[in-house]
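Trainee: Please give me a close look at one part of this model, namely how its secondary structure elements are arranged against one another. I should like a single connected account, with the residues named.

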Amino acid sequence: MRRMKADRCAGAVGACAVGKTREGGAAHVQYRGVGGGGLHMRSAMRSAARLMAAAVGTGRVAGSGPKRPRPEPAPAPRIGTHDGTFHCDEVLACYLLRLLPRYRDAEVVRTRDPQRLAQCDVVVDVGGEYDPERHRYDHHQRSFAQSMRSLRPDKPWTTKLSSAGLVYCHFGSQILAGLLGQPEDDPVVKVLYDKLYENFVQEIDAIDNGIAQAEGEPRYALTTTLSARVGHLNPRWNDPDQDTEAGFKRAMELVGGEFMDRFDYYHRAWLPARALVEDAIRRRFEVDVSGVVLELPQGGCPWKEHVFSLEQELALPDPLQLVLFPDRSGQWRVQSVPAGPHTFQSRLPLPEPWRGVRDEELSQLTGIPGCVFVHASGFIGGNRTREGALEMARRTLAQRHEGGA
């Protein structure tokens with residue numbers, strides 16, 4: 001475990017220790033807060049000691065006598081991107097770069113002037129070239145067709161990269177390792193790298209490159225994505241003031257905040273949930289002989305994505321169907337596993353006659369005491385006790401075998 005200064009964009013991030021559980025389990029991460037006051041005090045004391053030693057050694061009071069010329073400070077590095085209307089991809093690219101120590105104090109230069117861009121240490125989303133050796137990361141040229149998979153064959157994603165994806169592809173592991181205080185090959189870094197690309201950066205890549213989520217006409221419009229909200233920070237077409245600098249800074253705050261929130265969620269909530277779900281899968285035959293019913297010790301756990309991935313990793317012979325867990329009031333829920341990670345359809349909804357019925361009427365209909373409700377779509381139901389919820393699950397399985405579910 002080691003200490004790390006928090007980036008001014010990201011806010012304070014504690015140092016962490018990571019230890020793996022048994023094989024296949026999630027990493028356990030423990031944080032300690034990092035304070036800067038002691039560092040500043042010690043630095044000031046060391047500076048004062050050096051001045052006193054110099055004064056004693058020369059017989060002069062510090063500051064007297066001829067002064068040596070101070071060397072000129074090195075110029076701050078510069079991140080170049082285009083001016084005018086800004087988009088989510090270059091905003092995120094700039095924010096990510098400034099999480100790196102070498103670009104922490106970098107100036108963001110917004111211009112399309114080739115001479116000014118040539119003076120920048122790194123250029124994103126402008127310039128018409130992709131050359132990682134020279135730190136040029138544009139994706140608009142006709143020859144560009146790179147995806148995460150083409151640049152990193154061990155990754156599955158084929159979405160064309162934007163400037164955000166390019167920066168994340170080349171620097172994402174280093175950025176996450178720095179935030180976690182771990183080496184880049186740490187398993188937690190690898191898991192979070194994939195998760196943040198798949199569920200955060202990839203969307204920005206696709207939207208900037210005009211790639212639709214699916215074929216055909218969507219049933220409704222998505223107008224509140226992060227990319228859309230960044231777009232709304234540009235001046236309106238009829239605003240008298242068309243300056244975009246203030247809006248770009250606001251966009252960096254917005255995008256940076258959401259990236260760090262998502263990183264924190266996946267690190268502190270999503271990742272620990274994997275161990276919980278894996279343990280439930282290993283104990284599933286203790287819940288029901290069918291082996292397709294899981295029991296989680298608490299509600300609110302983000303279990304769905306872990307179920308899909310662990311079913312494949314553990315090569316389960318039968319897909320899981322139902323999940324039991326207590327809610328905050330101490331009652332119990334029985335919920336169907338979704339048919340897929342991005343669908344509202346259920347693998348095994350609760351029986352149709354139960355749907356939309358509540359309380360005593362539902363208990364009489366099912367013959368199960370303590371029933372509370374079944375949702376109108378059948379994806380979830382409730383009972384006052386664990387035994388009642390488990391019986392609802394077993395009846396649902398039985399009706400499936402009878403062909404009545």
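Mentor: Two strands are taken as paired if DSSP finds at least two bridges between them. On that basis, this predicted model contains an open sheet of five strands in the order E4-E3-E5-E7-E6, with mixed pairing. Its edges are strand E4 (107–110) and strand E6 (130–131); each has a single partner strand, so one side of each lacks a neighbour in the sheet. At the E6 edge, the pairing with strand E7 (residues 136–137) is antiparallel and rests on two bridges, and at least two are what the definition requires. Within this pair, Tyr-130 lies opposite Tyr-137 of E7. The loop between E6 and E7 holds His-135, a residue other than glycine whose phi is nevertheless positive, near 60°.

A further open sheet of five strands runs in the order E8-E9-E10-E12-E11, with mixed pairing. Here strand E8 (293–295) and strand E11 (371–374) occupy the edges; because each has a single partner strand, one side of each is without a neighbour in the sheet. From one strand to the next, the twist averages 20°. In general, strands of a sheet pair through backbone hydrogen bonds, in either a parallel or an antiparallel sense.

Two pairs of this sheet can be followed in detail. Strand E9 (residues 322–326) and strand E10 (residues 332–336) run antiparallel and are joined by five bridges; Leu-322 has Ser-336 of E10 as its bridge partner. Ahead of E9, in the loop that follows helix H10 (304–313), lies Ala-315, which is not a glycine yet has a positive phi of about 50°. At the E11 edge, three bridges join E11 to strand E12 (residues 380–383) in the antiparallel sense, with Cys-371 opposite Asn-383 of E12. E11 and E12 make a hairpin with five residues between them, and in its turn Gly-378 has a positive phi of about 85°.

The helices come next, with H5 as the link. The axes of helix H5 (residues 163–180) and helix H6 (residues 187–208) come within 10 Å and cross at roughly 145°, and the crossing is right-handed. On the H5 side the contact includes Ala-164, Gly-165, Tyr-168, Gly-172, Ser-173, Leu-176 and Leu-180, while the H6 side includes Val-188, Leu-192, Leu-196, Val-201, Ile-204 and Asp-205. The residues of this contact divide into 14 nonpolar, three polar and one charged.

H5 also packs against H8, at an angle of about 65° and with the axes 13 Å apart; this crossing too is right-handed. Tyr-168, Leu-176, Leu-179 and Leu-180 of H5 meet Phe-259, Met-260, Phe-263 and His-267 of H8. Seven residues of the contact are nonpolar, one is polar and none is charged. Tyr-168, Leu-176 and Leu-180 thus belong to the contact with H6 and also to that with H8.

What does the length of H8 (residues 245–282) show? At 1.5 Å a residue, its 38 residues should span 56 Å, and the end C-alpha atoms are 54 Å apart, which agrees. H8 does bend, by about 40°, at Tyr-266; the next residue, His-267, is among those that meet H5.

Definitions and conventions
Residues are numbered from 1 along each chain as its sequence is written. This is a predicted model: local features need pLDDT of at least 70, side-chain atom pairs count only at pLDDT 80 or more; totals for chains, interfaces and linings use all residues. Side-chain values use heavy atoms; hydrogens and water are left out. Axes are lines fitted to C-alpha atoms, for helices over the stretch in contact, and angles run from 0 to 180 degrees between N-to-C directions. Helices (H or I, at least four residues) and strands (E, at least two) are DSSP runs, numbered from the N terminus. A crossing is left-handed if the near helix is turned anticlockwise from the far one by less than a right angle, and right-handed if clockwise. Contact means heavy atoms within 4.5 Å. Ala, Val, Leu, Ile, Met, Phe, Trp, Tyr, Cys and Pro count as nonpolar, Asp, Glu, Lys and Arg as charged, and the others, Gly among them, as polar. The expected span of a helix is 1.5 Å times one less than its number of residues. The bend at a residue is the angle between axes fitted to the seven residues ending there and the seven starting there.
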